[in-house]
Amino acid sequence: MSCLRGVLGSCILAAALAAQSPDPWPAAFTFENVPIPAGIDPQIGGLDALPDGRLAICFHRGEVMIFDPASGAWQRFAEGLHEPLGLLVESAASLLVMQRAELTRLRDTDGDGQADDYETVYDGFGMTGNYHEFAFGPARDAAGNLYVALNTASNGAGVREEIRGAWSPIGLARDKMTARGRAWEPFKQAAGRMYARAAWRGWVVKLSPDGETATPFACGFRSPDGIGFDAEGRLLVTDNQGDWLGTSKVHHVKRGGFYGHVASLVWRPGWTRNPLEVPVAELDELRMPAMGLLPHGELANSPTQPVAIPAGVFGPLARQTLIGDMDQHTLVRFLPDPVAGVSQGAAIPFLQTAALGRGNHRMTFTADGSLWIGKTHLSWAGAEGLVRVRWRGAAAGLFAVDRVRVTQRGFVLGFTEPVAAASLGGVRVRAHRYHYHKAYGSPKVDDHAVAVVSNALDESGTTLVLEFDELPADSVYTFQLDGLTSRRGRALLGDRIYYTLLRAR
Amino acid sequence: MPDILSRRALLATLAAVATALPGQDGKQLFQSFCGACHLPDRVHVGPSAIEIAGLYRGKRAEFLAWCKAPSPKRKGVIQMPPMGYLGDAKLTAIHRHILASTVGQKEVVVKNADRFRASPSMRRRPLVMRIFMPDAGPAAIAVAVNDDYHYCFDAGACRLRYVWQGDFIDGWPVWRANGNALAKIVGDIVLREPRSPLPVQQSDKRKFLGYRLRAGLPTFRYRLGEVRVEERITPLPGGRGLARRFRLEGAPRDWRLRLTAPVGMTWRSGDGEFDGLEFTPAVSKRAEFTLTLEQK
């Protein structure tokens with residue numbers, strides 16, 4: 001009997017732990033790993049859907065493959081590209097791929113299903129040979145303009161003797177920048193953790209639809225792996241925690257903006273000073289705040305591509321924005337809430353489950369409602385392969401926060417289903433900030449509990465009004481919605497909300 | 001039966017959950033902030049918890065110091081990002097977890113070799129491969145013409161850099177990680193050109209335009225100043241060497257090529273005259289001529 005009691009005791013323990021952290025995601029979504037053909041290093045740099053529902057996917061060692069989900073067949077379209085990290089379909093016979101050295105148009109001109117023409121669309125940016133000078137994009141706006149994002153270099157290494165493009169004289173002397181191995185160690189600090197000595201590093205560059213005109217568009221990016229448009233036509237760029245980034249970010253990028261990482265300032269017309277020597281207060285004054293701060297270690301460590309959920313997909317979440325992440329077993333769902341032209345909003349975990357895994361790098365949707373996720377790691381944190389995610393449909397439900405609106409005194413949260421009032425007891429709110437500084441990352445600053453003075457669910461049960469005594473701006477408000485369920489007993493999908501408040505209504 | 005679900009049993013269970021918490025905190029933190037790169041029992045992006053425990057048992061202060069300011073130590077791995085933002089208390093909890101969770105554990109050895117070395121997409125000939133190459137600019141393109149001859153074209157400088165004979169490249173130093181290395185040439189260099197053989201001025205703008213594949217081999221196109229160039233290298237029959245064809249648009253009448261002496265090979269052409277290493281295309285061949293690089 002005591003033995004039996006022991007067994008049941010551990011059952012209760014398991015149940016107690018499960019109740020603490022249930023995983024509601026697999027009940028609402030399916031996760032399927034798609035086998036990659038043997039012989040291909042299965043790290044995915046880019047993917048996009050062809051008009052007929054097939055996928056074009058580029059890999060770490062430069063292959064571009066066409067995958068047909070209907071038949072499971074793979075076909076080689078192109079090969080030999082240099083670390084391609086973005087792919088955009090123009091038509092079944094024309095793909096744009098961003099590789100380290102250039103934006104390339106791959107065209108199948110003879111209809112045999114393989115690219116025979118590799119046209120250089122844009123290579124007007126610099127390369128020092130530093131490994132961290134990745135190139136991302138392109139994203140296309142409604143008018144057909146293309147946008148690419150250029151990573152800064154890392155002081156994990158210097159630069160090569162022979163570079164491509166223009167060199168900025170601002171900063172450590174060039175003969176020191178080319179030091180290697182042990183000889184590099186004494187200089188790396190002065191180079192800056194991430195640096196931008198080759199042209200347009202740390203910038204987003206806009207290309208006219210014909211590719212002929214390149215316009216440096218905005219700067220201040222460190223490692224802008226993700227670039228894309230949301231359903232409202234906002235240009236979104238994600239950036240990675242590190243020097244000058246207390247935590248990772250998603251930016252709403254506008255022309256001429258400086259988004260906080262200082263290295264790229266050397267390419268601003270007329271700029272002459274070493275950004276590392278400019279007073280931080282002055283840099284802070286110059287910079288555009290992030291639309292969304294994504295708390296490190298909780299929500300995102302290395303955010304990737306933003307992508308809009310198309311109409312008709314994922315039920316009530318259609319037209320919202322998803323963002324990938326390399327390190328966390330989650331995507332981020334972003335709900336903008338602009339106030340008086342200031343872009344801000346709420347970031348919420350999406351598909352936060354071990355079933356998703358890490359390394360979620362590139363995403364696209366197909367008309368059948370599938371979300372395709374390409375994974376990579378490049379020896380950092382991440383994973384490999386292709387994952388297909390499908391919603392189990394209306395019967396499985398999708399109980400989630402679908403609106404977050406700041407008010408004068410607090411926030412209004414909207415839900416996709418009526419909330420069980422009795423489950424609101426676990427709602428907690430905290431607020432914190434981050435330092436803006438040269439150091440790598442930032443702890444949470446002034447992290448404190450926010451007293452909720454009133455907490456009212458409307459009659460329909462889908463709108464929760466939270467009011468506070470005060471609502472200081474320039475803070476991340478974290479809503480912990482532990483144990484919240486719908487009236488139908490469904491667990492909330494995404495029970496943390498991270499709202500970046502710049503301006504209250 | 002009902003006594004099994006009694007208050008006492010439940011309290012005992014909750015007590016078990018509660019005592020598990022302090023340890024879990026370190027475990028949770030380790031998983032959230034380190035787990036993407038450090039696995040418990042084997043090397044991943046960084047060393048295993050077992051290896052770390054071996055290095056930092058009884059060395060809390062040193063552990064904290066490393067986490068706040070990691071410096072490059074191992075070869076061929078990424079830089080560990082600094083973790084100082086977590087603060088001493090959290091890092092200490094992680095240290096405690098690493099030490100406690102690895103007692104009596106054995107490291108699982110992971111082989112570090114190129115799984116794709118022999119794969120068809122690497123072994124196909126001909127093959128065009130854009131990758132960081134030695135003795136070239138960063139926008140290099142390696143081309144395996146056939147099983148014997150290979151060359152490196154530089155899309156930044158818009159010129160051939162060198163030709164080698166052997167087994168193409170070993171790209172593993174680049175592919176194994178994030179590209180912080182160069183590919184290795186497998187074989188022997190037979191030609192190294194220090195500059196374009198075409199009479200291009202330093203001040204001429206160079207623009208790489210791309211390439212077209214025919215029978216797997218690229219025809220490069222680029223602009224040197226006002227001159228539009230196409231350059232294509234193909235194998236000679238019988239493994240004798242390579243043919244290099246130029247097509248020029250907008251070239252002046254008096255163009256002459258300045259070639260470089262190859263090693264163990266020689267330049268030939270039926271399309272013009274040699275004066276040592278200077279080659280003048282015949283009038284009728286000015287817009288399109290071929291040179292061969294042949295074994296002596």
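Trainee: In this predicted model, which side chain meets that of Arg388(A) in a salt bridge?

Mentor: The model is a predicted one, and in it Arg388(A) lies in strand E26 of chain A, while its partner sits in the loop between strand E24 and strand E25 of chain A, so the pair ties together parts that are 20 residues apart in sequence. The N to O distance is 2.6 Å, and the partner is Asp368(A).

Trainee: Is Arg388(A) buried or exposed?

Mentor: A residue counts as buried when its relative accessible area is under 20%. Its partner Asp368(A), at 47%, counts as partly exposed, whereas Arg388(A) has a relative accessibility of 10% and is therefore buried.

Trainee: Turning to the two chains together, how many salt bridges does the rule find across the interface of chain B and chain A?

Mentor: The contact draws on 57 residues of chain B and 65 residues of chain A, and about 5200 Å² is buried between the two chains, 53% of it on carbon and sulfur atoms. One of the pairs joins Arg124(B) to Glu79(A), with the closest N and O atoms 2.3 Å apart. The number of salt bridges found across this interface is eight.

Trainee: Which element gives the most to the side of chain B that touches chain A?

Mentor: The elements that each give two or more residues to that side include helix H1, helix H5 and strand E1 of chain B. The one that gives the most contributes seven residues, and that element is E6(B).

Trainee: Why does the salt bridge of Asp116(A) with Arg212(B) join two chains?

Mentor: The closest N and O atoms of Asp116(A) and Arg212(B) are 3.5 Å apart, and Asp116(A) is buried at 7% relative accessible area, whereas Arg212(B) is partly exposed at 34%. Both residues also belong to a network of salt bridges that includes Arg107(A) and Arg221(B). The pair joins two chains because Asp116(A) lies in the loop between strand E8 and strand E9 of chain A, and Arg212(B) in strand E6 of chain B.

Trainee: How many disulfides are there over all chains?

Mentor: Two cysteine sulfur atoms must lie within 2.5 Å to count as a disulfide. The cysteine sulfur nearest to that of Cys37(B) belongs to Cys34(B) and is 8.7 Å away, while for Cys158(B) the nearest is that of Cys152(B), at 13 Å. Over all chains, the count of disulfides comes to zero.

How values were computed
Residues are numbered from 1 along each chain as its sequence is written. Chains are lettered from A and ligands numbered from 1 in the order in which they are written. This is a predicted model: local features need pLDDT of at least 70, side-chain atom pairs count only at pLDDT 80 or more; totals for chains, interfaces and linings use all residues. Side-chain values use heavy atoms; hydrogens and water are left out. Contact means heavy atoms within 4.5 Å. Buried area is the accessible area (1.4 Å probe) that two parts lose on being put together, summed over both. A salt bridge is a side-chain nitrogen of Lys or Arg within 4 Å of a carboxyl oxygen of Asp or Glu. Helices (H or I, at least four residues) and strands (E, at least two) are DSSP runs, numbered from the N terminus. Buried means under 20% relative accessible area, exposed over 50%, partly exposed in between (1.4 Å probe, protein chains only).
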